[in-house]
Amino acid sequence: VFPSLAQAQASVANEVYQELGQPSVFLFCPTEYCSSLCSPSPSQSCYLQTIGQELLPGIGVIWTGPKVVSQELSAGLLEEVEAVLRRHPVIWDNLYANDYDCRRVFLGPYMGRAPGLMSRLQGLLLNPNCELQANFIPIHTLGTWFRSELGGCAHPDHAGMEPVAALGDSQGPQEGSYSPQEALELALCDWVAEINQQALEPGR
């Protein structure tokens with residue numbers, strides 16, 4: 001029926017999206033969801049070019065970065081992806097993911113993401129460790145990173161931006177001031193306080 005996989009996927013996604021009344025959040029994960037899966041590159045991928053052309057503009061497209069688990073995300077790479085997809089990508093960040101190797105648990109701070117990325121994103125999702133308690137530092141430091149990005153976001157009309165900004169206190173990091181080490185120290189202080197509080201609860 002369809003001349004290519006990309007056209008088939010875009011057609012089905014568009015039909016479901018419209019059938020649901022074009023919801024404000026509707027995400028599509030492409031077969032080529034990172035640079036290493038693109039042939040020969042994101043900008044020259046026939047698959048991604050078709051997805052960018054055919055997928056309705058209200059549909060968000062998931063992207064993990066240079067690799068499935070990306071150590072770094074740069075503005076240059078996101079510009080290339082944005083151009084071929086014709087929209088800002090939604091980053092599905094696998095920095096902490098360990099479902100592929102449960103012997104690995106990353107307890108470090110959120111890092112390797114260039115300052116000013118928020119203006120190039122439609123959203124960011126964090127794929128956490130499989131171990132629930134090990135995600136305190138990942139989520140806490142992601143929050144610190146996000147707060148430091150808010151001031152420089154070039155798209156204040158993004159859904160959810162203003163309410164989150166209102167939650168920030170006067171001692172939160174300023175634009176461009178994110179330090180992974182400082183974020184880690186803040187997270188550790190709060191995590192110890194949380195652990196101590198839980199230890200005082202009845203039955204602990």
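## A guided look at the predicted chain

Tutor: Let's begin at the surface of this predicted model. Val-12, Val-16 and Leu-20 make a nonpolar surface patch of about 260 Å².

Student: Where does Leu-20 of that patch lie?

Tutor: Helix 1 covers residues 5–19 and strand 1 covers 27–28. Leu-20 has its place in the loop between helix 1 and strand 1.

Student: Is Leu-20 buried or exposed?

Tutor: The cut-off for exposed is over 50% relative accessible area. Leu-20 has a relative accessibility of 55%, so Leu-20 counts as exposed.

Student: Stepping back, in what order do the elements of the chain run?

Tutor: Good thing to ask next. The chain has six helices and four strands. Read from the N terminus on, their order is α-β-α-β-α-β-β-α-α-α.

Student: What share of contacts between residues at least 6 apart in sequence joins residues at least 24 apart?

Tutor: A contact here means heavy atoms within 4.5 Å. Among the contacts in the chain between residues at least 6 apart, the share joining residues at least 24 apart is 73%.

Student: Which residues does Thr-64 touch, leaving out those up to four places away in sequence?

Tutor: Let's place Thr-64 before listing its partners: the residue lies in the loop between strand 2 (60–63) and helix 3 (75–85). Thr-64 has a relative accessible area of 3%, so it is buried. With residues up to four places away not counted, Thr-64 touches Tyr-33, Cys-34, Ser-70, Leu-73, Trp-92 and Asn-94.

Student: Cys-34 catches my eye; how many disulfides does a search of the whole structure find?

Tutor: A disulfide needs two cysteine sulfur atoms within 2.5 Å. The search of the whole structure finds zero. Cys-38 is an example: it is in no disulfide, and its nearest cysteine sulfur, in Cys-34, is at 6.8 Å.

Student: Are Cys-38 and Cys-46 buried or exposed?

Tutor: Buried means under 20% relative accessible area, and exposed means over 50%. Cys-38 has a relative accessible area of 8%, so Cys-38 is buried. Cys-46 has 58% relative accessibility, so Cys-46 counts as exposed.

Student: How far does helix 4 reach from its first C-alpha to its last?

Tutor: Helix 4 spans residues 136–150, which is 15 residues. Its buried residues include Trp-145, Phe-146 and Leu-150. At 1.5 Å a residue, 21 Å is expected, and the reach in the model is close to that, at 21 Å.

Student: Finally, what percentage of the chain's residues is buried?

Tutor: For context, the chain exposes about 11400 Å², with carbon and sulfur atoms supplying 56% of that area. Of the 204 residues in the chain, the buried ones make up 40%.

Notes. Residues numbered from 1 in each chain as written. Predicted model: local features only at pLDDT ≥ 70, side-chain atom pairs only at ≥ 80, totals over all residues. Heavy atoms only, no water. Helix = DSSP H or I, 4+ residues; strand = E, 2+ residues; numbered from the N terminus. Expected span 1.5 Å × (residues − 1). Buried < 20%, exposed > 50% of the residue type's maximum accessible area, 1.4 Å probe, protein only. Areas by Shrake-Rupley, 256 points an atom, 1.4 Å probe, with all protein chains shown as cover. Patch = residues over 30% accessible without salt bridge, like charges linked within 9 Å, V, L, I, M, F, W, Y side chains within 5 Å. Salt bridge = Lys/Arg side-chain N within 4 Å of Asp/Glu carboxyl O.
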